[in-house]
Amino acid sequence: IDKNYLFKNINTLEKKFDNNYTWRKFYNNKLKNEYKSLFNLFDETIFLKAPSFKYILGWRIKQEKNNYSNFNNSKKMKTKEIKLFIQHYEKITKWMLKNYPKFANIVLKINKDQKITSIIKY
């Protein structure tokens, strides 16, 4: 992720808990080094492109409900916990929504109802 964007605070987690950029530097370094070599092993990449980040919280809450529908609800994350969890990945998700289609071989555009609306092959 470009450093200008990486060091811009976009959510509460970054403003209050990562003001020294420890988390952001950590994952950006992983992407640049370890993940890059992993990605190079792929023949093709497929990107599931959400319409925007604003739908992620609702989707993640739905996922949590489905994950634990047959299990003890004490393991289930509360909405407040999910909000904090997704903030860890908000910056990279937004960056990917904007930039990753340039790098993917196939882009599946997903609408707000999580249905595929188009498939673009590059």
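The following dialogue examines a helix pair, a sheet and two loop residues in a predicted model.

Student: At roughly what angle do the axes of helix H3 and helix H5 cross?

Tutor: Helix H3 covers residues 22–39, and helix H5 covers residues 79–99. Their axes come within 11 Å of each other. The angle at which they cross is roughly 50°.

Student: Is H3 parallel, perpendicular or oblique to H5?

Tutor: The axes cross at roughly 50°. Angles under 35 degrees count as roughly parallel, and those from 65 to 115 as roughly perpendicular. The crossing angle therefore makes H3, relative to H5, oblique.

Student: Is the crossing of H3 and H5 left-handed or right-handed, and which residues make the contact?

Tutor: The crossing of H3 and H5 is right-handed. On the H3 side, the contact is made by Trp23, Arg24, Tyr27 and Leu31. On the H5 side, the residues are His88, Tyr89, Lys91 and Ile92.

Student: How many residues of this contact are nonpolar, polar and charged?

Tutor: The contact of H3 with H5 includes residues such as Leu31 of H3 and Lys91 of H5. Leu counts as nonpolar, and Lys counts as charged. The residues of the contact divide into two charged, one polar and five nonpolar.

Student: Which strands stand at the edges of the sheet?

Tutor: The sheet is open, has three strands with mixed pairing, and follows the order S1-S2-S3. An edge strand here has a single partner strand, so one of its sides is left without a neighbour in the sheet. The strands at the edges are S1 (46–49) and S3 (116–121).

Student: What does the twist average from one strand to the next?

Tutor: The twist concerns the open sheet with the order S1-S2-S3. From one strand to the next, its average is 15°.

Student: Do S2 and S3 run parallel or antiparallel, and which residue in S3 stands opposite Leu108?

Tutor: Strand S2 comprises residues 106–110, and five bridges join it to S3. The two strands run antiparallel. Opposite Leu108, the residue in S3 is Ile119.

Student: Is Tyr21 buried, partly exposed or exposed?

Tutor: Tyr21 lies in the loop between helix H2 (12–17) and H3. Although Tyr21 is not a glycine, it has a positive phi of about 70°. Buried means under 20% relative accessible area, and exposed means over 50%. At 27% relative accessibility, Tyr21 therefore counts as partly exposed.

Student: What is the relative accessible area of Gln114?

Tutor: Gln114 lies in the loop between S2 and S3. Its phi is near 65°, a positive value in a residue other than glycine. Gln114 is partly exposed, and its relative accessible area is 35%.

Terms used. Residues numbered from 1 in each chain as written. Predicted model: local features only at pLDDT ≥ 70, side-chain atom pairs only at ≥ 80, totals over all residues. Heavy atoms only, no water. Axes fitted to C-alpha atoms, helices over the stretch in contact; angles between N-to-C directions. Helix = DSSP H or I, 4+ residues; strand = E, 2+ residues; numbered from the N terminus. Parallel < 35°, antiparallel > 145°, perpendicular 65-115°, else oblique. Left-handed = near helix turned anticlockwise from the far one by under 90°. Contact = heavy atoms within 4.5 Å. Pairing = 2+ DSSP bridges. Buried < 20%, exposed > 50% of the residue type's maximum accessible area, 1.4 Å probe, protein only.
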